[in-house]
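Below is a set of questions and answers on a two-chain model. Please keep the sequence and the coordinates at hand while reading.

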Amino acid sequence: MKNKYSAFSDELKSTAPQMPGDMKQRFDSTVAEFGIKKIKQRSPAFSALKFAAVFLILAFLILPNVSTTVSYALQEIPVIGKIVKVITIREKYVDDENYFEYINVPTLLYGDETADSDKYVIDYINADISELTAAVIAEFEEERKENPEVYSGISIDYEVVTNTDTWFTLKLILYYSSASSDTEYKFYHINKTTGKPVVLSELFENEFDYIDVFSEDIKNQMKDKVAENKDFIYWLYPEDDYGFSKIDENQNFYFTDEGDIVLVFNKYEIAPGYMGTPEFKIDSEKFGKYVR
Amino acid sequence: MQEELKTHWFCKKVSEYRQSMFVLAISILKNETDAEDAIQNTLLLAYENLNKLRITEKFKPWLFRILTNECYKIAKKRTYYSDIDEIELEDKNDSFSDNKALIWQAVNSLELNYRTVIVLFYYEDMSIKEIAKTLEISQNNVKKRLSRARDKLKDCLIKEEIL
C-alpha cells in the first residue's frame, strides 16, 4: 500500500514545516539542563572530582558526535586514615555515532604506610579487577566486530563507597547496553584492622545463619514494596522457577555509614530489567553482635 | 556515573527526534506556541518517567505517546468540546500556516484523527504496530483511520499529480 504513496511520503518530508531557530535553541537548552541537573545531584564523596566530571559531562552534551579518546589521565582520590589510594589506570571515552565506551578502570596503590604483609591484599584485588574488566572489554569489542551496525555501549566505572580508618569498600560498576542493557556490580572490601579482604561469608560468627536471616528479611521487604507499588515485580521462588529463595553466600554488599548492611543484586538477578539493580538494607541490630 | 550515561543517552535520543516532535505537535495543534508547550512538557515528562520505559519497549513510540497526549490535553483546553473527535483547531498566523506546500495544506485540512495517522505513517515512517502503541488504539483502528484519511486526501493528491 505504501509504494503507491511513496511519492506522497517523499513530498511530505521535503516540504515539512521546520522547527524555527529560536524554538530549537529553547529545546536544546531544556535538554542540556537535564545533564546539568544530574551533576548537581552527585554524592559529596566525589567533591574533589566534581570539577573534572562536570567538564566531561558538559563536553559530551556540547559535542555529541565527536569521538574523544583520552588515555592514561590520572585522577587521584584523596584519602584519610590508613592509606589506600585509588587511581584510574585505564581511561577511555568514546562517543561515536555507532557506539560509546566510557571506561574508568580503578587500581589500588599501596599507601606509604601499607605494611608489606598487607600488600598482597591490594595485589589480589587489582588482579581481580584487571581480569574482570579485561574480559568485559574483550567481549564488547568482539560484539562490535560482529555487529558493527548495532548501536551499543559499555561503561566501566567505580566508586569508593567507604574509606575510613577501619574499612575500605570499592564498588566496580559494569554497564553494557545494546538492544537492552545490563548492569553488574562487584564490591571489594578491605578490613583495615585485620588487613584482609572481606567477603560476606567471612564476616560473621559461624553460629549466625546470615543467609537465612538476611533472605527472610529481604523477602519481607519485597512483599512490602510490592504492596506499596503495583509496578514492582520481584521473581520469587517457588512462584518463579528461578526466583529468589536465598542470597548467595558471597552476595554483593556494602556498609552504610550507620553500620547497616546493604545487599545488592545485579540487574536481572532477581527481577525484570526495569527494576534496575535492587538493594535491600538490613538493620545492624540484626547482625551487629555476630560480626567477627 | 550510570545515571549520567542514561541521561546522556536520553538527551541524545530526544535531540534526534526534535524535528519529528515539532511536525507531529504542529500537525495536531496548528500553531507554534502550543506546539512548543506540548514539546517542552513532553521533554520533562519523558525525562522524569524514563525509568518506566521497559527495556524491550522502543523509545520512539513511547516518546510520541507522551507527546500526543500532551498535545491532546492542550487542544482540549482550547475548545469547548470534550470529545477529541470534534475538536477543530484554527490556523494561527505563523510559519505553519505560511507553509505554502499544498500537500501540507491538504493534510492540515483533515480532521485531527486523520491528520495524526497520516503524519505518523507517511512522515514518520512508523509501522501500524508502532502507531497503535503511540495512540493507544488497536491496529485495526489505525488501518481504518489511515484508509479514510487517504480517501479524503485522494482528490487533492490527484490534482497535485502526486497520485
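Q: How many residues lie between β3(A) and β4(A) in the hairpin they form?
A: This is a predicted model. In it, strand β3 (residues 152-163) of chain A pairs with β4(A) in the antiparallel sense over 10 bridges, and A:Gly153 stands opposite A:Ser177 in β4(A). The number of residues between the two strands of this hairpin is three.

Q: Over how many bridges do β4(A) and strand β5 (residues 181-191) of chain A pair?
A: The sense of this pairing is antiparallel. Within it, A:Leu172 faces A:Lys186 in β5(A). The bridges between β4(A) and β5(A) come to 11.

Q: How many of the 11 residues of strand β4 (residues 167-177) of chain A are buried?
A: Buried here means under 20% relative accessible area. By that cut-off β4(A) is mostly covered. The count of buried residues in β4(A) is 10.

Q: Which residue in β2(A) stands opposite A:Glu91?
A: Strand β1 (residues 84-95) of chain A is joined by 11 bridges to strand β2 (residues 99-110) of chain A, and the two run antiparallel. A hairpin connects them through three residues. Opposite A:Glu91 stands A:Asn104.

Q: Which strands are at the edges of the open sheet β7-β8-β9 in chain A?
A: Three strands form this sheet, with antiparallel pairing. Neighbouring strands in the sheet are turned by 25° against each other on average, direction ignored. An edge strand pairs on one side only, and here the edge strands are β7 (252-255) and β9 (279-282) of chain A.

Q: Which residue in β8(A) stands opposite A:Phe253?
A: β7(A) pairs with strand β8 (residues 261-264) of chain A in the antiparallel sense, over four bridges. The residue of β8(A) opposite A:Phe253 is A:Leu263.

Q: At about what angle does helix α5 (residues 210-228) of chain A run to β9(A)?
A: Helix α5(A) lies across two strands of chain A, β8 and β9. Its angle to β9(A) is about 120°.

Q: How many helices and how many strands are there in chain B?
A: For chain A, the secondary structure comes to five helices and nine strands. In chain B the elements run α-α-α-α-α-α-α-α-α from the N terminus on. The count for chain B is nine helices and zero strands.

Q: What percentage of the 163 residues of chain B count as buried?
A: Of the 292 residues of chain A, 42% count as buried. Chain B exposes about 7700 Å², with 46% of that supplied by carbon and sulfur atoms. The buried part of chain B is 58%.

Q: Which helix supplies the largest share of the largest nonpolar core?
A: That core has 64 residues, and those with the most contacts inside it are A:Phe8, A:Leu12, B:Met21, B:Phe59, B:Leu63, B:Trp104 and B:Ile118. The largest share amounts to 10 residues, and these come from helix α4 (residues 59-78) of chain B.

Q: How many residues are in the second, separate core?
A: In soluble globular proteins, nonpolar side chains tend to be buried together. The second core includes A:Trp167, A:Phe255, A:Ile261 and A:Met275. Its residues number 24.

Q: Why is helix α8 (residues 128-135) of chain B described as largely enclosed by the rest of the structure?
A: The cover over the buried residues of α8(B) includes α4, α7 and α9 (139-159) of chain B. The buried residues are B:Ile128, B:Glu130, B:Ile131, B:Ala132, B:Thr134 and B:Leu135. Helix α8(B) is called largely enclosed because the number of its eight residues that are buried is six.

Q: Which residue just after α8(B) takes a positive phi?
A: The value of this phi is about 55°. The residue is B:Glu136.

Q: Which residue has its backbone oxygen 2.8 Å from a polar atom of the side chain of B:Thr116?
A: B:Thr116 lies in helix α7 (residues 112-123) of chain B and is buried, with a relative accessible area of 0%. Leaving aside neighbours within four places in sequence, B:Thr116 is in contact with B:Leu24, B:Ile28, B:Tyr72 and B:Leu135. The backbone oxygen at 2.8 Å belongs to B:Leu112.

Note on methods. Residues numbered from 1 in each chain as written. Chains lettered and ligands numbered in written order. Predicted model: local features only at pLDDT ≥ 70, side-chain atom pairs only at ≥ 80, totals over all residues. Heavy atoms only, no water. Buried < 20%, exposed > 50% of the residue type's maximum accessible area, 1.4 Å probe, protein only. Polar contact = N/O pair within 3.5 Å; in protein donor to acceptor, adjacent residues only side chain to side chain. Contact = heavy atoms within 4.5 Å. Areas by Shrake-Rupley, 256 points an atom, 1.4 Å probe, with all protein chains shown as cover. Core = buried A, V, L, I, M, F, W, Y, C linked by side-chain atoms within 4.5 Å. Pairing = 2+ DSSP bridges. Axes fitted to C-alpha atoms, helices over the stretch in contact; angles between N-to-C directions.
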